[in-house]
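Here are some notes for a colleague who has the coordinates open and would like to know which local features to look at. They are set out as numbered points.

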Amino acid sequence: MPIEAPVDPFSPPSDSVLWKRNFLLGAATAAYQIEGAVDEDGRLPSIWDTFSAIPGKVLAGDTGARACEHYQRWETDLDLLSELNVDGYRLSIAWGRVMDEAGRPNKKGIEFYKRLVGRLKEKGLKTFVTLYHWDLPQYLEDRGGWLNRDTVYRFADYADLMSHELAGQVDAWATLNEPWCSAYLGYGNGHHAPGLANGRYATQALHHLLLAHGTAVPVIRANDPGSMVGIVANVGKSSANSNSEADARAAHLFEVQHNAWILDPLLKKSYPKDLFELWPGTEPLVLDGDMEAIGAPLDFLGINYYFRSNVKSDGAHGFTEVPLEGVERTQMGWEVYPDGLRDLLIGFKETYRNLPPVYITENGMASDDKVVDGRVDDPQRISFLKRHLAAVDSAVKAGVDVRGYFIWSLMDNFEWAFGYERRFGIVHVDYETQKRTLKHSAQLVAKFLAERNARA
Ligand code: FCB
């Protein structure tokens, strides 16, 4: 597809880190959101198959049954990456494709991922593999899911299998994607699979998720010593609704609940005390040695950032959100606030002296994109990406070791509880015909990277 002259050029200033050849620019996806083929080659159902089949859980009753048919179309989808000139690709593995209920490997499922990472390597792309992007096998949920400590050890077995099978082919392993979402949305408020809503469950599920991560880290390192091992956390920025002390406290607690709840155990080997002021009586059961395991050194930290939330005190222990008026928002209703990314990164460097090198593993936005005469204009996304990349550049200039940035997402896909209506891709997907069309943002990314590569 020809690359057109940019209307709104995606061209960073000459001193930007984006021009550096070793700053990785990539695109990201996740298995359940794109693969489809849920009954193919011995794949076992996940909690998202179950959850999305329950009426009312996902907008318009959408499910991942077909999604982008990536399981069939993976070769041409990977060619899109070449068209975009990106340096890397972040994907996830569906646990239920590669292992059966007794823990035995499923050869056909494993072959699929072998072919995928093999092709990425042939293309010279850096491959970031996430082991768990929310699709817990349903049989494990039936045994208690992340509330059951045994799931920790089942995850370590799965990590062992895949890091053994794909050793030498993966540049970076992430154990988990956004454990906050798995724990809080999955077990705390029930908006995501498996749909349970109990504060005590959320903290215990999170503890087991982090312990699964910590238990898997040394296993992956032993199997694939040449790769990096890390984890991906979503982080949130808050603002206080007023100058009152109570609202300032609320804004602080918001960031404790979103960020410190996850990052403190990983980087300080303890849970933030303030969390249990916010959620009294929800302390998880922690056994001897757990915090030490969770705090295993990381080769990188993946950060996913999307928006800011404005909050005020709820008059008791916590906060409530008060949406700001007159601010720019996306199709998700999320505020566009690039400075939040810069400020959070700088703040993490100050808070965590052992902050590992950071990759922005997700950033992007949804818009109601349409193909008109073969083109997809997405000016808000172009501006969004430009401003967030500038925010990353200023964090780097302020001394934060950020080494790369992945756009969420390579292509439109199943956006969890919002189904197919919310389009995050830089490549448009027509779900009827499965036709892919590069959006204008994708064309500009490709053009910029071609220029950068020519200069280097
Ligand atoms: C993140 C998820 C990702 C995608 C984006 C929009 O929370 O990791 O799968 O849905 O949000």
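## Notes on the backbone and one strand

1. A28 has W408 as its opposite residue in strand β9. That pairing belongs to a parallel arrangement in which 5 bridges join β1 to β9, the latter covering residues 402–408. These remarks, like those that follow, concern a predicted model.

2. On strand β1 there is also a pairing with strand β2 (residues 88–92), again in the parallel sense, over 3 bridges. Within β2, the residue that serves as bridge partner of G26 is G88.

3. How many of the residues of strand β1 are buried? The count is 5 of the 5 in the run from 24 to 28, and therefore the strand is largely enclosed by the rest of the structure. The cut-off behind this statement is a relative accessible area under 20%.

4. As for the two faces of β1, L24, G26 and A28 point one way, whereas L25 and A27 point the other way, and all of them are buried. It follows that G26, whose partner in β2 is G88, and A28, which stands opposite W408 in β9, are both in the set that points one way from the strand.

5. W408 deserves a second look, since the peptide bond that joins W408 and S409 is cis, with omega about 10°. S409 itself is placed in the loop between β9 and β10, the latter being residues 427–430. A reader inspecting the pairing of A28 with W408 will thus come upon this cis bond as well.

6. Another cis peptide bond runs from A193 to P194, where omega is near 5°. P194 has its place in the loop that lies between α8 (179–188) and α9 (199–223).

7. A67 is not a glycine, and yet its phi is positive, at about 45°. The residue lies in the loop between α2 (47–52) and α3 (70–84). Is A67 buried or exposed? With a relative accessible area of 4%, A67 is buried, because the cut-off for that class is under 20%.

8. K269, likewise a residue other than glycine, has a positive phi, here near 60°. Its position is in the loop between α10 (245–268) and α11 (273–278). At 34% relative accessibility K269 counts as partly exposed, a class that takes in values between the cut-offs of 20% and 50%.

Definitions and conventions:
Residues numbered from 1 in each chain as written. Predicted model: local features only at pLDDT ≥ 70, side-chain atom pairs only at ≥ 80, totals over all residues. Heavy atoms only, no water. Buried < 20%, exposed > 50% of the residue type's maximum accessible area, 1.4 Å probe, protein only. Helix = DSSP H or I, 4+ residues; strand = E, 2+ residues; numbered from the N terminus. Pairing = 2+ DSSP bridges.
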